[in-house]
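Dear colleague,

I am passing on to you the structure that we talked about, and I would be glad if you could open it before reading the notes below.

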Amino acid sequence: MAIHLYKTSTPSTRNGAVDSQVKSNPRNNLIYGQHRCGKGRNARGIITAGHRGGGHKRLYRKIDFRRNEKDIYGRIVTIEYDPNRNAYICLIHYGDGEKRYILHPRGAIIGDTIVSGTEVPIKMGNALPLSARYSNMEKTKLFQAPTEPEAPLVSKRGGRISSSTSRKPYALEEACTVWEGVLIDQKDESTSTDMPLGTAIHNIEITLGKGGQLARAAGAVAKLIAKEGKSATLKLPSGEVRLISKNCSATVGQVGNVGVNQKSLGRAGSKCWLGKRPVQWGIMGQKINPLGFRLGTTQSHHSLWFAQPKNYSEGLQEDQKIRNCIKNYVQKNMRIYSGVEGIAQIEIQKRIDLIQVIIYIGFPKLLIENRPQRIEELQMNVQKEINCVNRKLNIAIRRIANPYGHPNILAEFIAGQLKNRVSFRKAMKKAIELTEQADTKGIQVQIAGRIDGKEIARVEWIREGRVPLQTIGAKIDYCSYTVRTIYGVLGIKIWIFVDEEK
């Protein structure tokens, strides 16, 4: 195809190019409207996949993936753009007056002829079974009566003549060359009707008569590498090696529009027309707090109370005082031998006459064993801090089954290791080992600052398993922790993928 480069005059024409033969005026009887539902949301309207929405209105083109116009030659009339796929499509006019769309094979131009059937030449754009001989043999078994086997041919010297010598050699090997992932020469046509090994194909059927389902994207090409029995072995574009029935059909060649990934959109609006929302705009950025991002789906509030707008800031300050008072008391009086305080979360529920504080702790035995008066002492300290006279304060302690499955406890463990001058990599790997015992699906640990006393601050991180931060249905626990060392202040961030909403 002839490619014309734009002269840059506007942002939309920056680094732009267009194929002169590609049109965008589809036939009315081969299109229909479709309702694009979802756009990244589930049945309840909750966002489950980010950066999707908007986009230009599209009309769906009816593509002939079955290629069931058997033994009827067709001619390529136009090459058109399809907004529903990244490959181009061709409008075919068949000899019986039928008009259909097919995927555009790479190298096909307007005026080329194609055909589909069981005994068609091996030519770019033609569709035929993976083994025409096997397909014909099956037909003879079904529609013809069995006959007696013919006597073998005998030469004058008394030796048998092999039947394989009468077969025609594969003409494709003489006509073109097949590379790994590169299309065969489109202009040369093979006289053989049985698809040879090494043929580049696309639009491959999985179930006979259902139509092509494999290798349909732009630039996709599979390779026929073996035939044995009733199955053929294909190497797909992903590298997977798969067995397909020999009766299933495929189209010779590679799908066109190979350089679709090198296309420059020029401006942000072009991507919005494709139905892709911006990554850096709105609430879908990478630097949003994972807990606040999932409020109402997999995450709930840690403070439950109601206040008038003028008193809202006072309620927030009161919650902060309660949490700081509890953490300072635990840090001074009940430090665990490993250097981990063990407080995972503090929930606060306020009523008119009651403040309910629930402390989720990983090691409650050291908090209440042999010293029950310490809980009363902690309660009195909190009452003095917030100066609650008309409200009753109640503190409850709940144990966590897997302490090292919570990011706060894990961050305290890493902070203790860094204070003891343990290598940061060793501390992060040890934290991952502890998390694996808690049966989590993934973890990511990040440490930033003057690590190991270096003059230049840097960021080091390690990840194990899956941490899908952009999936709202994924339950992810997160914490940020600050630790003071002799080299300065270091920041620790931990993401733990607990479970995914079904």
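The notes below go from the whole protein to its cores and then to one residue.

Please keep in mind that this is a predicted model, in which local features need pLDDT of at least 70 and side-chain atom pairs count only at pLDDT 80 or more, while totals for chains, interfaces and linings use all residues. Residues are numbered from 1 along each chain as its sequence is written, and side-chain values use heavy atoms, with hydrogens and water left out.

The protein has nine helices and 25 strands (DSSP runs, numbered from the N terminus, with H or I over at least four residues for a helix and E over at least two for a strand). Of its 502 residues, 40% are buried, where buried means under 20% relative accessible area, exposed over 50%, and partly exposed in between, with a 1.4 Å probe and protein chains only.

The largest nonpolar core (buried Ala, Val, Leu, Ile, Met, Phe, Trp, Tyr and Cys residues joined through side-chain atoms within 4.5 Å) holds 28 residues, and L410, I414, L418, I443, I447, I492 and I494 touch the most other members. Helix 8 gives the most to this core, namely seven residues. Apart from this core lies another one, of 23 residues, among them L128, I204, A218 and A250.

Finally, N261 sits in the loop between strand 17 (249–252) and helix 3 (268–273), and N261 is exposed, with a relative accessible area of 69%. The C-alpha atoms of N261 and G219 are separated by 9.8 Å, although these residues are 42 residues apart along the chain.

With best wishes
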